[in-house]
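Colleague: I should like to go through this model with you. May we begin with the terms and then turn to particular residues?

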Amino acid sequence: MPNKFQQLTKKYALLKRGWSPQQNLFYGFFTYIILGFLLLCLPVVQKESVPLLDHLFISTSAVSTTGLVTVSIFDTYNFFGQFIIMILIQLGGIGYLSFTTFMLLSTTRKMTIWHKKILSTEFTLPKTIKINDFLKSVILFTFIMELLGAILFFIAFKNDGTPFWETLWSSIFHSISTFCTAGFSLFNSGFTEYVDDNFVNFIISMLAICGSLGFIVITDFGMFIKKKSHKLSFTTKIILYGFIILLTCGTLFFYFFEPSITSMSGKSRFLASFFQTMTAMTTVGFNTVDFGLFSQAMMLICIFLMYVGASPSGTAGGIKITTLTAVFAILKSQLKGSKHITFLGRIIPYERLYIATSAFIFYTSIILIGTFLITLTNDLKFEEILFEVASALGTVGISTGITSDINTFGKVVVILLMFIGRLGVLTFGLAIWSRSKNDEENLPVLKGDIAV
């Protein structure tokens, strides 16, 4: 029996080496989802029985770090089920092969070409950052931030009247869920009870922003601090400028124009405006205000923020700030009649522009198709369906409250959208349509960003 298992393992390893990097990512995350689904189906991890599709939905949502749920996590799963979900979130957050490759580097200090190709496909890096340094930064920074988050959450939750161990577990779970921008909560009402709690708002915002800004920015800043000769990359500057501008504009829109927020008092009004903008941009998926109460105009703003997302090679979804920047640069240059497409005084290579525009078109098309399919088969408001689709593909996790009301076909569509969102639309497309490993050696492998 052991010999047969070893033979199967060797055959599977050889099979994986024949796949393209995109196909490895596709099947890798698919495997995580199926394993999570099978584990969640075990009666021993459940408090109450739910349909199999709901277990698959939760597993996909966890691995894709989305946070959309069709059942209550706290009411459906016991500690073991919640622990499985947390592990799935962690695996989805740090990326396929990241942890195993880190262990490989820790023991042998060597990374195979196969590992490099897959990691370079999943994490698009500027030329100034090496994959080895980047991967170490990912694991170390993730551990530090999640540990810090757990400590801060414990301080915030300890006076809620819950037992010590429940508070500790809740703190760890929410820390990992927040940093990985997964949006899973053990509270059925989310964080609506903490709408005017400065400390809890700060913890969530800090963890979500650090996770969503991306490991590129963190690694770049780390190298900038360690080496005085190192300059911040063009990508890092674009991410920071874009994030600050969108976060500021979104906060102002919600502060002045959203009726459910304008009715609040001064401090609560600002916190609610900032938090809802932050949660949509970082795709963390938590909310302190019911999105189902939002006006149509502000729902549109929220959909746009979810559509954009934050940074490439981070935990957030969306088309990414860098892709939006590239599309904006093309438009600006076209209107000015410029021969070269520039941003911040720097020429953007045509290869990056092709990737960005391809991602923009493909991403938008998937949103339209997903919205059409769910609208065709469900009698729900159009704006709520569009909101749900944008949230699923952007791996955001916020909802107007219709997730559990969508029919079986609609839930399958949402599952596919969350899976595609985690892979990245171009990675998904290349994994599906590529014929062989050799066919892709000269094809772009980025996830829709313009890291340069």
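Modeller: Certainly. A residue is called buried when its relative accessible area is under 20%, exposed when that area is over 50%, and partly exposed in between. Please note that this is a predicted model.

Colleague: Is T325 buried or exposed?

Modeller: T325 lies in helix α16. Its relative accessible area is 9%. Buried means under 20%. T325 is therefore buried.

Colleague: With which residues is T325 in contact, leaving aside its neighbours within four places in sequence?

Modeller: T325 is among the buried residues of α16, which also include I321, T322 and S333. What covers these buried residues includes α12, α14, α15, β1 and α17. Beyond four places in sequence, the contacts of T325 are I238 and F343.

Colleague: What span should helix α16 have at 1.5 Å a residue?

Modeller: Helix α16 has 16 residues, from 321 to 336. The expected span is 1.5 Å times one less than the number of residues. The end C-alpha atoms are 22 Å apart, which agrees with the expected span of 22 Å.

Colleague: Which element gives the largest share of the nonpolar surface patch?

Modeller: The patch covers about 760 Å², and its residues include L140, F143, F199 and F202. Two elements give two or more residues to the patch, namely α10 (198-212) and α8 (131-157). The largest share, six residues, comes from α8.

Colleague: Is F202 buried, partly exposed or exposed?

Modeller: F202 is found in helix α10. Its relative accessible area is 46%, and the class between 20% and 50% applies. F202 is therefore partly exposed.

Note on methods
Residues numbered from 1 in each chain as written. Predicted model: local features only at pLDDT ≥ 70, side-chain atom pairs only at ≥ 80, totals over all residues. Heavy atoms only, no water. Patch = residues over 30% accessible without salt bridge, like charges linked within 9 Å, V, L, I, M, F, W, Y side chains within 5 Å. Areas by Shrake-Rupley, 256 points an atom, 1.4 Å probe, with all protein chains shown as cover. Salt bridge = Lys/Arg side-chain N within 4 Å of Asp/Glu carboxyl O. Helix = DSSP H or I, 4+ residues; strand = E, 2+ residues; numbered from the N terminus. Buried < 20%, exposed > 50% of the residue type's maximum accessible area, 1.4 Å probe, protein only. Contact = heavy atoms within 4.5 Å.
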